[in-house]
Amino acid sequence: MPKRVLLCLGVVLVLAGAVAMAQQPDTQYHPGPKLDPAAVARGQKLFITNCSFCHAADATGASGPDLLRSPIVLRDQHGETIGVVVHAGRPGAGGGPSMPAFSSLTESQIGDIAEFLHSRVVAAADRFDYPITGVMTGNAAAGAAYFNGAGKCSTCHTVSDTAPGTMISLAGIAGRFTPPNLLKRIAYPAPARGAIDETAAETVKVTLPSGATVSGVLIHQGEFHVVLRDADGWQRTFTLGPGVQVAVHDPLAFHKQQIGKYSDAELHNLLAYLETLK
Ligand code: HEC
Ligand code: HEC
């Protein structure tokens, strides 16, 4: 393609991107719960005094792990999964450093800490807010190679119209998202918890002491209960206790673990490749 055409394309994409961004309801990006700035500020204070010496003030980890990549944080909505760890502490995997229990922090304080952590995750994802001129610098062939190789994308995705079995087709994906939204989509596919779109929903299998099992879409997982929607559409609540086993499957686990692990070149090349899938 001549340089001039590319330039025009770039301008069109910038405009399309600007329009898509301005019309918030049309953008496909749902980073999770709407953040409350007052709660974020309260949570930041609590985090700095209670948590920062092990997880760093920006939560990216020190002696304790990087919480912006923590599946527990990414899965959390309002403190329900973070709260379990904070209240119980952690023994430290494989003799590694442990985390003390913070039994005196209230639910609402934990909710604020969660809000702060979610704001950090969103800020980290904004790394994907490349200006579009920068976004289009990738190499499609290198992106295809990464997609089918080291990136492992092709283990779950196909780019053809027909997707056999559990494969998810990305055919036409570039027609559905502007480049910045496509980047965000790679970093953060649709929210999983209780999702209507069953492909991306977290599922759970509960095994009762009798050995009977019940499976469905995970609606809520707390310290004491798990709530699911079964195949008939009924919402069912199970009390956790001895002999009750809960196995959660998150189809987006791979995507969540990958957040922040891609190099800029990998992302740009991937995007250039996906852009060919009109
Ligand atoms: C004394 C150091 C220390 C303090 C203080 C601390 N943590 Fe931790 N935290 C750790 C360590 C170490 C782990 C990993 C333990 C393990 O191996 O599972 C951890 C794990 C976690 C996890 C689970 C991460 C995952 O995905 O497995 C969360 C969430 C968490 N901490 C949140 C907090 C919050 C919120 C606070 C403040 C209220 C806090 N931590 C205070 C050391 C600490
Ligand atoms: C372990 C399986 C798995 C792997 C590996 C995987 N994905 Fe996904 N991906 C999913 C699931 C599940 C969805 C959600 C599908 C849905 O919403 O219907 C998804 C969604 C997406 C979407 C959004 C699709 C849409 O229509 O909204 C994009 C883009 C995407 N993945 C790109 C990638 C890329 C690029 C890679 C490699 C770096 C990759 N995926 C690796 C499972 C995977």
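Colleague: Hi! Which residue forms a salt bridge with Arg-75?

Modeller: That partner is Glu-202, and the closest N and O atoms of the two are 3.3 Å apart. One thing to keep in mind as we go: this is a predicted model.

Colleague: Thanks, noted. Where do Glu-202 and Arg-75 lie?

Modeller: Arg-75 is in helix H4, residues 71-75, and Glu-202 is in the loop between helix H10 (179-187) and strand E3 (203-207), so the salt bridge ties together parts that are 127 residues apart in sequence.

Colleague: And is Glu-202 buried or exposed?

Modeller: Glu-202 is buried, with a relative accessible area of 1%. Arg-75, on the other side of the pair, counts as partly exposed at 25% relative accessibility.

Colleague: How many salt bridges are there in the whole structure?

Modeller: A search turns up five. Another of them joins Arg-42 and Asp-112, with 2.7 Å between the closest N and O atoms. Arg-42 sits in helix H2 (residues 37-50) and Asp-112 in helix H6 (residues 107-125), so this pair ties together parts 70 residues apart in sequence.

Colleague: What about accessibility for Arg-42 and Asp-112? Which is buried, if either?

Modeller: Asp-112 counts as buried, at 11% relative accessibility. Arg-42 is partly exposed, with a relative accessible area of 43%.

Colleague: Got another one for me? Which residue does Asp-66 meet in a salt bridge?

Modeller: Asp-66 meets Arg-69, at 3.6 Å from N to O. Asp-66 counts as partly exposed at 22% relative accessibility, and Arg-69 also counts as partly exposed, at 37%.

Colleague: Let's switch to the ligands. What coordinates the iron atom of ligand 1?

Modeller: From the protein, His-55 through NE2 and Met-99 through SD, at 2.0 to 2.1 Å. The arrangement is octahedral because the six donor atoms around this iron atom subtend angles of 86 to 179 degrees.

Colleague: Where are His-55 and Met-99 in the chain?

Modeller: His-55 belongs to helix H3 (residues 52-55), while Met-99 is in the loop between helix H5 (80-88) and H6. They are 44 residues apart, and the pair links distant parts of the chain. His-55 counts as buried, at 9% relative accessibility.

Colleague: Which residues come nearest to ligand 1?

Modeller: There are 23 residues around ligand 1, and those that come nearest are Cys-51, Cys-54, His-55, Ser-70 and Met-99.

Colleague: What polar contacts does ligand 1 have with side chains?

Modeller: Here are three. A polar side-chain atom of Ser-70 is 2.6 Å from an oxygen atom of ligand 1. Arg-90 has a side-chain N or O atom that is 2.6 Å from an oxygen atom of the ligand. For His-55, a polar side-chain atom lies 2.8 Å from a nitrogen atom of ligand 1.

Colleague: On to ligand 2, then. What are the protein donors of its iron atom?

Modeller: Two histidines, His-157 and His-255, each through NE2, lying 1.9 to 2.0 Å from the iron atom of ligand 2. Six donor atoms surround this iron atom at angles of 86 to 179 degrees, so the arrangement is octahedral.

Colleague: How many residues apart are His-157 and His-255?

Modeller: They are 98 residues apart, with His-157 in strand E1 (residues 157-158) and His-255 in helix H11 (residues 253-258), so the pair links distant parts of the chain. His-157 counts as buried at 15% relative accessibility, and so does His-255 at 16%.

Colleague: I also noticed Asp-230. Where is that one found?

Modeller: Asp-230 is in the loop between strand E5 (225-229) and strand E6 (235-239). At 12% relative accessibility, Asp-230 counts as buried.

Colleague: What does Asp-230 touch, leaving out residues up to four places away in sequence?

Modeller: Ser-215, Gly-216 and Arg-236. In addition, a polar atom of the Asp-230 side chain lies 2.9 Å from the backbone nitrogen of Asp-232.

Colleague: Last topic, the whole chain. How many helices and strands does the protein chain have?

Modeller: The protein chain has 12 helices and seven strands. Of its 278 residues, 41% count as buried.

Colleague: And among contacts between residues at least 6 apart in sequence, what share join residues at least 24 apart?

Modeller: In the protein chain, that share is 57%.

Note on methods: Residues are numbered from 1 along each chain as its sequence is written. Chains are lettered from A and ligands numbered from 1 in the order in which they are written. This is a predicted model: local features need pLDDT of at least 70, side-chain atom pairs count only at pLDDT 80 or more; totals for chains, interfaces and linings use all residues. Side-chain values use heavy atoms; hydrogens and water are left out. A salt bridge is a side-chain nitrogen of Lys or Arg within 4 Å of a carboxyl oxygen of Asp or Glu. Helices (H or I, at least four residues) and strands (E, at least two) are DSSP runs, numbered from the N terminus. Buried means under 20% relative accessible area, exposed over 50%, partly exposed in between (1.4 Å probe, protein chains only). Donors are N, O and S atoms within 2.8 Å of the metal (3.2 Å for Na, K and Ca); water is not among the atoms, so sites may look incomplete. Four donors count as tetrahedral if all angles lie between 85 and 135 degrees; four count as square planar and six as octahedral if opposite donors are over 155 degrees apart and all others between 65 and 115; anything else is irregular. A polar contact is a pair of N or O atoms within 3.5 Å; within protein, one must be able to donate a hydrogen and the other to accept it, and residues adjacent in sequence count only if both atoms are side-chain atoms. Contact means heavy atoms within 4.5 Å. A residue is near a molecule or strand if one of its heavy atoms lies within 4 Å of it.
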